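Q: Please take one close look at a single part of this model and walk me through it slowly, as I am new to reading structures. I would like to know which residues are met there, and what surrounds them.

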Amino acid sequence: MKTPSTNELISIAEAAGVRVTWHKGGPKGAWLPHERRISLRHGMDDASTRCTMAHELAHMWLGHPAPASDRQERRADDFAARLLISETDYANIESVYGHYPQQIAADLNVTTHILATWRKIYERQQA
């Protein structure tokens, strides 16, 4: 399964009629439903930008208000993790590097936070 790049995520938002803009300083990202806009912090590395974009898209798709509740933030992280990490890709990379989250996250082009979120989801499914 091919996971989407940052540019593909931005294209998905734009195809849904959502504008993507950039801001300096402040939060990594924001879903502004009243404006149908996602704002991303300028200057983040690609993994952070990609994960933030996926997280904000999740808020959009799940119909979350702004500001979102803690529960909605967790749901957006879960959604982003599932969107950005495939079980096959994770298994292939872990077989090479073992259990080294920073290296696995780097190879998957995700943050360690989104990787940890994906691992929790996977562990719950295996229980």
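Helix 6 and its surroundings

A: If neighbours up to four places away in sequence are left aside, Thr-112 is in contact (heavy atoms within 4.5 Å) with Pro-101, Gln-102 and Ala-105. The model is predicted, so local features are described only at pLDDT of at least 70 and side-chain atom pairs only at pLDDT 80 or more, while totals for chains, interfaces and linings use all residues. Residues are numbered from 1 along each chain as its sequence is written, and side-chain values use heavy atoms, with hydrogens and water left out.

Thr-112 lies in helix 6, where a helix is a DSSP run of H or I with at least four residues and a strand a run of E with at least two, both numbered from the N terminus. Thr-112 has a relative accessible area of 42% and therefore counts as partly exposed, which is the class between buried (under 20%) and exposed (over 50%), found with a 1.4 Å probe on protein chains only. His-42 is 70 residues away from Thr-112 along the chain, and their C-alpha atoms are separated by 20 Å.

Arg-119 also has its place in helix 6, but this residue is buried, because its relative accessible area is 12%. Outside the nearest four places in sequence, Arg-119 touches Tyr-90, Glu-94, His-99, Pro-101 and Ile-104. Tyr-90 deserves a second look here: it is 29 residues from Arg-119 in sequence and 9.5 Å from it in space, C-alpha to C-alpha. The side chains of these two residues, Arg-119 and Tyr-90, are joined by a polar contact of 2.7 Å, a term for N or O atoms within 3.5 Å of each other, where within protein one must be able to donate a hydrogen and the other to accept it, and residues adjacent in sequence count only if both atoms are side-chain atoms.

Another residue of helix 6 is Ile-121, which is buried because its relative accessible area is 4%. Beyond its neighbours within four places in sequence, Ile-121 is in contact with Asp-78, Ala-81 and Arg-82. From Ile-121 to Ile-85 there are 36 residues in sequence, and 11 Å in space from C-alpha to C-alpha.

Ile-85 leads on to the largest nonpolar core, a set of buried Ala, Val, Leu, Ile, Met, Phe, Trp, Tyr and Cys residues joined through side-chain atoms within 4.5 Å. This core has 27 residues, of which Ile-38, Met-53, Ile-85, Leu-108, Val-110 and Leu-115 touch the most other members. Helix 6 is one of the elements that give two or more residues to the core, together with helix 1 (6–15), strand 3 (37–41), helix 2, helix 3, helix 4 (87–97) and helix 5 (101–108). The largest share, five residues, comes from helix 2. As for Leu-115, its contacts outside the four nearest places in sequence are Ile-85, Tyr-90, Pro-101, Ile-104, Ala-105, Leu-108 and Val-110.

Ile-85 is also touched from elsewhere, by Thr-3, whose partners beyond four places in sequence include Leu-84 and Ser-86 as well. Thr-3 lies in the segment before helix 1, and it counts as buried because its relative accessibility is 16%. Its side chain makes a polar contact of 2.9 Å with the side chain of Arg-50.
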